[in-house]
Amino acid sequence: MKELTVGANDAGQRLDRFVSKAVPLLPDSLLQKYIRLKRIKVDGRRAERNARLAEGSVVQLYINDEFFDAPKQENAYLTVAAPKLHIVYEDENILLVDKKPGQAVHPHDGAEYGKTLIDHIQAYLYARREWHPREENAFTPALCNRIDRNTGGIVIAAKNAEALRILNQKIKDRELEKKYLCIVHGTPKPANGKLEGYLFKDAKENRVYITQKPQPGAKTAVTLYKTLQSRNGLSLVECELITGRTHQIRAQMAAAGHPLLGDGKYGRLDKRYDRKFQALYSYFLRFCFTTGGGILSYLDGRSFRVEDVDFVHEYFP
């Protein structure tokens with residue numbers, strides 16, 4: 001049992017809100033349950049969840065010690081009281097989520113615990129009782145592909161170990177078709193074509209470089225592109241990844257003389273447009289298996305897309 005004394009800055013708060021801030025790892029569902037079961041009391045007595053706390057009152061918490069630990073990567077999902085996901089598709093094995101620009105997919109991308117896409121996905125599955133972390137020896141719901149923090153689009157999450165294994169292999173064998181929409185400066189010539197080269201990643205600078213000749217550490221990069229519209233010095237382009245390298249579209253389009261709108265890393269920020277990050281969206285995904293799909297065989301041939309991409313409406317209404 002732990003006790004928390006209500007200070008002047010916390011006086012007047014509701015009991016449930018006070019506890020949720022003081023013990024961020026305690027899921028809201030358990031918090032409400034523990035209040036009903038009198039495992040959370042005020043001054044030794046049962047209290048309603050909306051009871052207003054007075055300065056000097058003591059809140060007694062009869063809950064497991066694990067909930068008092070500082071949030072870590074493996075339990076950050078417990079800090080997410082209300083998961084926010086834009087779900088494109090879901091079944092018993094996978095989850096397709098439309099990640100919005102500005103959100104990191106993993107904590108090591110510099111985001112705080114509880115703020116990343118994987119945190120919200122795990123919190124969502126935990127709240128729906130589709131994932132029982134205390135019953136698992138090793139598996140946790142995981143992402144099969146990554147998208148940069150400031151790029152939007154479809155991210156694939158596996159709900160079980162078998163789905164994760166299959167999807168990782170399918171991605172490695174290039175049995176998934178992924179298309180992106182982007183806005184670039186200028187008008188590509190030819191309007192449709194293929195960008196080929198070698199991509200070298202500089203981990204220290206967190207950027208990549210494109211060369212036309214192979215060099216140690218460089219990997220092949222191939223992108224198909226199709227110009228959909230051109231207007232006012234900008235072009236709306238659809239890109240299909242043949243290889244999936246870090247910052248591939250951004251770097252290759254910039255190397256071709258057509259940097260993405262808003263991409264300060266590989267191009268320039270144009271003062272005429274109020275855009276601080278790249279106009280790039282992974283809007284289309286198709287499963288095109290050339291080998292058996294196991295428990296995911298039913299996905300073969302199916303395609304999914306994000307219909308509403310904000311920058312398309314903004315610059316090419």
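I began with Glu314 and found its place in helix H6, which spans residues 310-315. I note at the outset that the model I am reading is predicted.

I then looked up how far Glu314 is covered, and it came out as partly exposed, with a relative accessible area of 49%. Turning to the charges around it, I found that Glu314 belongs to a negative surface patch, whose other members are Glu307, Asp308 and Asp310.

Next I went to the cysteines, asking how many disulfides the model holds. The count comes to 0 disulfides, and I wanted to see the reason for a particular residue, so I took Cys239 and looked for the closest cysteine sulfur, which sits in Cys182 at 4.0 Å from the sulfur of Cys239. Since a disulfide needs the two sulfur atoms within 2.5 Å, I entered this pair as too far for a bond. Cys239 is also buried, with a relative accessible area of 0%. I checked Cys288 as well, and Cys288 is in no disulfide, the nearest cysteine sulfur being that of Cys144, 15 Å away.

My last entry concerns Gln60, for which I asked whether the residue is buried or exposed. I first placed Gln60 in strand E4, made of residues 58-61, and then read a relative accessible area of 9%. Buried means under 20% on this scale, and therefore I recorded Gln60 as buried. Finally I took the separation between Gln60 and Tyr281, which lie 221 residues apart along the chain, and noted 49 Å between their C-alpha atoms.

Note on methods
Residues numbered from 1 in each chain as written. Predicted model: local features only at pLDDT ≥ 70, side-chain atom pairs only at ≥ 80, totals over all residues. Heavy atoms only, no water. Patch = residues over 30% accessible without salt bridge, like charges linked within 9 Å, V, L, I, M, F, W, Y side chains within 5 Å. Areas by Shrake-Rupley, 256 points an atom, 1.4 Å probe, with all protein chains shown as cover. Salt bridge = Lys/Arg side-chain N within 4 Å of Asp/Glu carboxyl O. Lys, Arg positive; Asp, Glu negative; His and termini not counted. Charge placed at Lys NZ, Arg CZ, Asp CG, Glu CD. Helix = DSSP H or I, 4+ residues; strand = E, 2+ residues; numbered from the N terminus. Buried < 20%, exposed > 50% of the residue type's maximum accessible area, 1.4 Å probe, protein only.
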